[in-house]
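Good morning, and thank you for joining this group meeting. I would ask everyone to look at the sequence and the model on the screen before we go through them together.

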Amino acid sequence: MKLKNILKTTGAFHILLGLLIIVLLIFSVETIAGNASSETLLLVRGTADVVAASNLGIGFLLIICSSINDKKSLIRVLSGELALMACLLAVALFNTLNAGTIVDGGPPTPFWFVLIVNPLLCFYGLIKGHK
């Protein structure tokens, strides 16, 4: 798989994740939060919309970076995406392993899909990717 296609794919997954968070914010925060206070719901929405916007921005950034023609630069962008995904995966694992004690729970299934597939694509691109 070409490095450019890997960047476009990982970027599309980030955009999808951002859109899923926005849909979650619009339609089902009350369902997830249960009988939380309105202040808590505002705090959750205020944090989640920043995360959604960040994912959208990272997705567009990766898609735009896929137009880079220099292979070394493409590898650097992939390495940055891999570092980002390692941080996100570490937080997701921490939250999942400590569910019910320190935190309420880990991320839902669509997030796990992105957290696993994106680093695998990045590893593949770094090892066998073509320009």
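Helix H3 consists of 28 residues, and from its first C-alpha to its last it reaches 40 Å. That is close to the 40 Å expected at 1.5 Å a residue. Please bear in mind throughout that this is a predicted model. Which residues of H3 are buried? They are Leu-41, Ala-48, Ala-52, Asn-55, Leu-56, Gly-59, Leu-62 and Cys-65.

Helix H4, residues 71-97, can be treated in the same manner. Its 27 residues should span 39 Å at 1.5 Å a residue, and the end C-alpha atoms are 38 Å apart, so the two values agree. The buried residues here are Leu-74, Val-77, Leu-78, Glu-81, Leu-82, Met-85 and Ala-92. Against what do these buried residues pack? Their partners are H1, H3 and H5. A general point helps in reading such lists: an α-helix has 3.6 residues a turn, so residues three or four places apart point the same way.

Let me now step back to the whole protein. Its secondary structure comprises five helices and zero strands, and the order from the N terminus on is α-α-α-α-α. The C-alpha trace spans about 50 × 25 × 15 Å along its principal axes. There are 131 residues, of which 32% count as buried. Considering contacts with a separation of 6 or more, 76% of them are between residues 24 or more positions apart.

As for the surface, the protein exposes about 7800 Å², and 72% of that is supplied by carbon and sulfur atoms. The side chains include 9 positive and 6 negative ones, with the centres of the two sets lying 26 Å apart.

I turn next to individual residues, beginning with His-14 in helix H1. Is His-14 buried or exposed? His-14 counts as buried, because its relative accessibility is 0%. Leaving aside residues up to four places away in sequence, His-14 touches Asn-55, Leu-56, Ile-58, Gly-59, Leu-62, Glu-81, Leu-84, Met-85 and Asn-118. Among these, Asn-55, Leu-56, Gly-59 and Leu-62 appeared in the list of buried residues of H3, while Glu-81 and Met-85 appeared in that of H4.

Asn-118, one of the residues that His-14 touches, lies in helix H5. Asn-118 also has a relative accessibility of 0% and therefore counts as buried. With the same neighbours in sequence set aside, Asn-118 touches Thr-10, Phe-13, His-14, Glu-81 and Met-85.

Phe-13 brings us to the aromatic rings. How many aromatic pairs does a search of the whole structure find? The search finds one. The pair is formed by Phe-13 and Phe-113 and is edge-to-face, with 5.3 Å centre to centre and 90° between the planes. It links distant parts of the chain, as Phe-13 belongs to helix H1 (residues 3-27) and Phe-113 to helix H5 (residues 109-128), 100 residues apart. Phe-13 is buried, with a relative accessible area of 17%, whereas Phe-113, at 44%, is partly exposed.

Finally, I draw your attention to Leu-24, which is also found in helix H1. Leu-24 has a relative accessible area of 32%, so it is classed as partly exposed. Between the C-alpha atoms of Leu-24 and Arg-45 the separation is 9.6 Å, and the two residues are 21 apart along the chain.

Thank you for your attention.

Conventions:
Residues are numbered from 1 along each chain as its sequence is written. This is a predicted model: local features need pLDDT of at least 70, side-chain atom pairs count only at pLDDT 80 or more; totals for chains, interfaces and linings use all residues. Side-chain values use heavy atoms; hydrogens and water are left out. Rings of Phe, Tyr and Trp (its six-membered ring) pair if their centres lie within 6.5 Å; planes under 30 degrees apart count as stacked, over 60 as edge-to-face and the rest as tilted. Helices (H or I, at least four residues) and strands (E, at least two) are DSSP runs, numbered from the N terminus. Buried means under 20% relative accessible area, exposed over 50%, partly exposed in between (1.4 Å probe, protein chains only). Contact means heavy atoms within 4.5 Å. Accessible areas come from the Shrake-Rupley method with a 1.4 Å probe; for residues, only the protein chains shown count as cover. Lys and Arg count as positive and Asp and Glu as negative; His and the chain ends are not counted. The place of a charge is taken as NZ of Lys, CZ of Arg, CG of Asp or CD of Glu. The expected span of a helix is 1.5 Å times one less than its number of residues.
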